[in-house]
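Here is a short set of exercises to work through with a viewer open. Try each task yourself before you read its solution.

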Amino acid sequence: MTGAPTTSDRPAGAGAPAAPAAAGAAGSGRLARALVYVAGRLATAAVSLAAVVAAGFFLFRILPGDPVRAMTEGREVSAEQREELRRQFGLDRSLGEQFLDYASGLLRLDLGTSFQYREPVAELILDRLGPTLLLAGTGTVVAAALGLFLGARAGWRPGGRGDRVNTAVALFFWSVPTFWLGLLLIVVLASGRGFVPDLFPTGGMVDPDATGPGEIALSTARHMVLPVTTMVAVIYAQYLMIMRSSLMDEKGADYLTTARAKGLRDSLVRRRHAVPNALLPTVTLVFLNLGQVVSGVILVETVFSWPGLGQLFYSGLRVPDLGLVQGLFVVFAASVILMNLLADLVYPLLDPRVRP
């Protein structure tokens, strides 16, 4: 009588566990969903940028003022010479032709030419990009650090005196117009009539007589105090409120109860367990906050004569220099859209609960 076949008698692969195959299929499915998610976000960003470029082009065309007349004001220029300038700048063509020419230039990464500077817009932007990144980056880092620190303390004991004071002060500065706060700081700290007269410079980036790396760095730091303070005061409230709300949601979590049951001090529970988990929403805020940082930089640089993109944009609006303001508008819009895209792509990596 022949016995039942043993495991060694079975054909190779018969009865083998299907777990590896199932795991591979699941991994392929996750990869496919991730690729679809990324492709969808990229397509949305591209469509958004195209819509913003088109809207900006036609909106700037309805600005009051004649660029050619503004550039030739105070000079003896004949009507024929003005028409020649219009032809050189392409202003004698229809709006449709101008837009198609501008769009084709953007596809070649050509932002056009500035009317008043007679230089490529891309070169002007690159020359002013460094000061703007320095100002905006410093302001964002300081505002985020201050807002997260105060928000963690306020959210850990909501309703307390510290929470009420921090929240009230933050919301007050958040509601203050940026340009008004900048002018107030100039009057109080730099006009010679305030509490600390002539302590900080009111404009520019470096003192003309500063020589050597050390003096230039110190002079730049002094010039940054007032504009950075203005930016921080206006935007740190967002980080405070997000951190406060997120930490209040985390306070009742089971893992914090377990940490307390192990005998950890309250400060350690907050610092080691609650705060790291509450930081996740602020990651998105750092990216999304760029929109307000960009608009704030324009006002701050104008008030404090900071030689960056904001002041360049303001000078272009006064003419109006259509080539310059359009190029800067595209750069600002692309920066905001790019940051939104990065937020959409990075957040699922940090929080598995929202992964596609």
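The exercises below move from the whole chain to salt bridges, ring pairs and backbone angles.

This is a predicted model, in which local features need pLDDT of at least 70, side-chain atom pairs count only at pLDDT 80 or more, and totals for chains, interfaces and linings use all residues. Residues are numbered from 1 along each chain as its sequence is written, and side-chain values use heavy atoms, with hydrogens and water left out.

**Exercise 1. The whole chain**

Task: Find how many helices and strands the chain has, and what share of its residues counts as buried.

Solution:
- Begin with secondary structure, where helices (H or I, at least four residues) and strands (E, at least two) are DSSP runs numbered from the N terminus. The count is 14 helices and 0 strands.
- Turn to burial, where buried means under 20% relative accessible area, exposed over 50%, and partly exposed in between (1.4 Å probe, protein chains only). Out of 356 residues, 37% are buried.
- Next, take the surface, computed by the Shrake-Rupley method with a 1.4 Å probe, where for residues only the protein chains shown count as cover. The chain has an accessible surface of about 20000 Å², and carbon and sulfur atoms supply 64% of that area.
- Finish with contacts (heavy atoms within 4.5 Å). Among contacts with a separation of 6 or more, 72% join residues 24 or more positions apart.

**Exercise 2. Salt bridges**

Task: Work out which parts of the chain the R41 and D344 pair ties together, then examine the pairs D163 with R244 and R222 with D207.

Solution:
- Recall the principle: side chains of opposite charge can pair when their charged atoms come close.
- Apply the criterion, a side-chain nitrogen of Lys or Arg within 4 Å of a carboxyl oxygen of Asp or Glu. The structure holds 5 such salt bridges.
- Take R41 and D344, whose closest N and O atoms are 3.6 Å apart. R41 belongs to helix α1 (residues 19–60) and D344 to helix α14 (residues 322–350), so this salt bridge ties together parts 303 residues apart in sequence. R41 is partly exposed at 30% relative accessible area, and D344 is partly exposed at 32%.
- Move on to D163 and R244, with closest N and O atoms 2.7 Å apart. Here D163 sits in helix α6 (residues 161–175) and R244 in helix α8 (residues 212–250), 81 residues apart. Both D163 and R244 are buried.
- Close with R222 and D207, which meet in a salt bridge at 3.9 Å, N to O. R222 lies in helix α8 and D207 in the loop between α7 (178–189) and α8, so the pair joins parts 15 residues apart in sequence. R222 is partly exposed at 31% relative accessibility, and D207 is partly exposed at 26%.

**Exercise 3. Aromatic pairs**

Task: Decide whether the rings of F60 and F329 are stacked or edge-to-face.

Solution:
- Set the rule: rings of Phe, Tyr and Trp (its six-membered ring) pair if their centres lie within 6.5 Å, and planes under 30 degrees apart are stacked, over 60 edge-to-face and the rest tilted. A search of the whole structure gives 7 aromatic pairs.
- Check F60 and F329: their ring centres are 5.4 Å apart and their planes stand at 85°, so the pair is edge-to-face. This pair links helix α1, home of F60, with helix α14, home of F329, across 269 residues. F60 is buried at 12% relative accessible area, whereas F329 is partly exposed at 26%.
- Compare F172 and F173, whose ring centres are 5.3 Å apart with planes at 70°, so they too are edge-to-face. F172 is partly exposed at 49% relative accessibility, and F173 is partly exposed at 25%.
- Look for a cluster: ring pairs link F57, F58, F99 and Y102 into one.

**Exercise 4. Positive phi**

Task: Locate L109 and R118, and state the phi of L109 and of R118.

Solution:
- Place L109 in the loop between α4 (95–107) and α5 (121–156). L109 is not a glycine, yet its phi is positive at about 60°. L109 is exposed at 75% relative accessibility.
- Place R118 in the loop between α4 and α5. Phi of R118 is positive, near 55°, in a residue other than glycine. R118 is partly exposed at 48% relative accessibility.
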